[in-house]
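Here is a short tour for a reader who has not met this structure before. Please keep the view open while reading.

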Amino acid sequence: EPIVDPFRDGRFRLWENFPFFLHNAGYETGHIGKWHLGSGNPGFFDTWKSFNSTLPHWIGEPHRSDYRPDVHTEQGIEFLERNAGRRFFLYLSYYTPHEPDDPPKRFLEQYRGVEHAGYYASVANLDWNVGRLLDTLRKRGVLDRTLIIVTTEHGRTWSERPGTTEGMCIAYEEASRIPLLLRCPGVLPEGVVWRSGVSLVDLMPTVLEAARVVPVLRGGGLHGRSLLPDLRAGRDQWRGPVVMENIPQRGIDGSYYDERAIRTERWKLILRKFDVRPELRPGELYDLPADPQEARNLYESQGPVVRELGTALRQWGERTADPLAVELGRYAGG
């Protein structure tokens, strides 16, 4: 039965998401792993084996107990085995790689002597676990008619950058340009490397179109766009700029700030508002093809570009009801 209408008390913003629409369309839905939006099932997952954040990576004593990503994979395999004969959606959210990077020792062998070996070994463990999920789908005969998406919430940097000490919630390329892998033979072309800009907000309309589910939206239109038409037609072109919203955990000068950035094929404009004082600071502008390491700030010398991108950011903020994007866009001259 469909879930009781959540819109009656105005809480539609949380509920207007694709697991909710898939659930109401008859999909068996499951979430396993890190949720980070509270500890309880929000109501649209039939299977819920999740936690809010910060659980240790080992169930008990490190290297003498079960490694949590392996356990979550086992739970995911159980979900797939149970639901392979029906329509299903599984959101398996691994917490790793995340400090402390301490995966099973067999994954560390190939990275001996490599800086950040624990991080790379944690990723290698995830590669192995994703392979176990694919083997389960293959065994049940549904691999090639299952849409598989592998991505992450952010990258990270170990270099000296303004922003969080963890190097994650920042707009620089090493943190914001993340992997996005999609597989579904017969629906998507195979072996294609996409070069134009997409955003994770594009996943919701993409998934819903692939599932042939039409959402009933009461909070406005979708912010993203389905990637399927361009992927099928091979139109690898920038449709418009990509906007990034960041709330770094620790700002420079010991203050906290909010950050918005807008990226085109060539340019990236980064703008920040600080809580302490508070004030806006001069932004950063990078010519990415000429300066992929984002080492030369052109904000002061490229006024027309700053104003053009500021205008685009303001307009995006107006469309998506993001007042900070509107304020920062105006500050940049838009």
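## Helix 8 and its two faces

Helix 8 covers residues 303–320, and at 1.5 Å a residue its 18 residues should span 26 Å; the end C-alpha atoms are 26 Å apart, which agrees. The model is predicted.

Which residues of helix 8 are buried? They are Gly303, Val305, Val306, Leu309, Gly310, Leu313, Arg314, Trp316, Gly317 and Thr320. Seen down the axis of helix 8, these buried residues fall within an arc of 165 degrees, so they line one face of the helix. The face turned away from that buried side carries the exposed residues Pro304, Glu308 and Arg319.

The buried residues of helix 8 have several packing partners. Four are strands: strand 6 (242–246), strand 7 (257–263), strand 8 (267–274) and strand 10 (284–287). Helix 9 (323–331) is also on the list. After helix 8 comes Ala321, with a positive phi near 60 degrees.

## Helix 6, largely enclosed

Helix 6 takes in residues 203–210, and six of its eight residues are buried, so it is largely enclosed by the rest of the structure. The buried ones are Leu203, Met204, Pro205, Thr206, Val207 and Leu208. They pack against helix 2 (18–24), strand 4 (148–151), strand 5 (180–183) and helix 7 (228–233). Helix 6 is followed by Arg212, whose phi is positive, near 60 degrees.

The loop between strand 5 and helix 6 holds Gly197. Is Gly197 buried or exposed? Gly197 has a relative accessible area of 12%, so it counts as buried, since the cut-off for buried is under 20%. Leaving out residues up to four places away in sequence, Gly197 touches Arg225, Trp238 and Val242. Gly197 and Leu208 are eleven residues apart in sequence. In space, their C-alpha atoms lie 20 Å apart.

## Thr29 in strand 1

Strand 1 runs over residues 28–34 and includes Thr29. Thr29 has 0% relative accessibility and therefore counts as buried. Its side chain reaches the backbone oxygen of Phe44 at 2.7 Å.

What does Thr29 contact, leaving aside its neighbours within four places in sequence? The list holds Pro19, Leu22, His23, Phe44, Phe45, Asp46, Thr47, Phe79 and Phe89. Phe44 thus appears twice: in the contact list and as the partner of the Thr29 side chain.

## Helix 3 and the cavity

How many cavities of 30 Å³ or more are there? The count comes to one. About 40 Å³ of space lies in the largest cavity. Its lining is made of Phe51, Pro56, His57, Arg68, Pro69, His72, Tyr95 and Thr96. Helix 3 (residues 68–83) gives the most to this lining, with three residues.

Val71 also lies in helix 3. Val71 is partly exposed, with a relative accessible area of 23%. Not counting residues up to four places away in sequence, Val71 touches Ile59 and Asp66. Val71 and Gly33 are 38 residues apart along the chain, and their C-alpha atoms are separated by 9.6 Å.

## Backbone details

Two cis peptide bonds can be looked up here. One runs from Thr96 to Pro97, with omega near 0 degrees. Thr96 also belongs to the lining of the largest cavity. The other joins Glu99 and Pro100, with omega about -5 degrees. Pro97 is in the loop between strand 3 (88–93) and helix 4 (117–139). Pro100 lies in the loop between strand 3 and helix 4.

Two histidines have a positive phi, and the table puts them side by side.

| Residue | Phi | Location | Relative accessibility |
|---|---|---|---|
| His36 | about 65 degrees | loop between strand 1 and strand 2 (47–51) | 43%, partly exposed |
| His116 | near 60 degrees | loop between strand 3 and helix 4 | 26%, partly exposed |

His36 has its positive phi although it is not a glycine. The positive value at His116 is likewise in a residue other than glycine. The loop that holds His116 runs between strand 3 and helix 4.

Conventions: Residues are numbered from 1 along each chain as its sequence is written. This is a predicted model: local features need pLDDT of at least 70, side-chain atom pairs count only at pLDDT 80 or more; totals for chains, interfaces and linings use all residues. Side-chain values use heavy atoms; hydrogens and water are left out. Helices (H or I, at least four residues) and strands (E, at least two) are DSSP runs, numbered from the N terminus. Buried means under 20% relative accessible area, exposed over 50%, partly exposed in between (1.4 Å probe, protein chains only). A polar contact is a pair of N or O atoms within 3.5 Å; within protein, one must be able to donate a hydrogen and the other to accept it, and residues adjacent in sequence count only if both atoms are side-chain atoms. Contact means heavy atoms within 4.5 Å. The expected span of a helix is 1.5 Å times one less than its number of residues. The arc is that of the directions from the helix axis to the C-beta atoms. On a 1 Å grid over the protein atoms alone, a cavity is a set of points where a 1.4 Å probe fits but cannot get out, and a pocket is an open set with protein on both sides within 12 Å along at least five of seven lines; lining residues have an atom within 4 Å of a point. Grid points are joined across faces, edges and corners, and a volume is the space filled by probe spheres set on the points.
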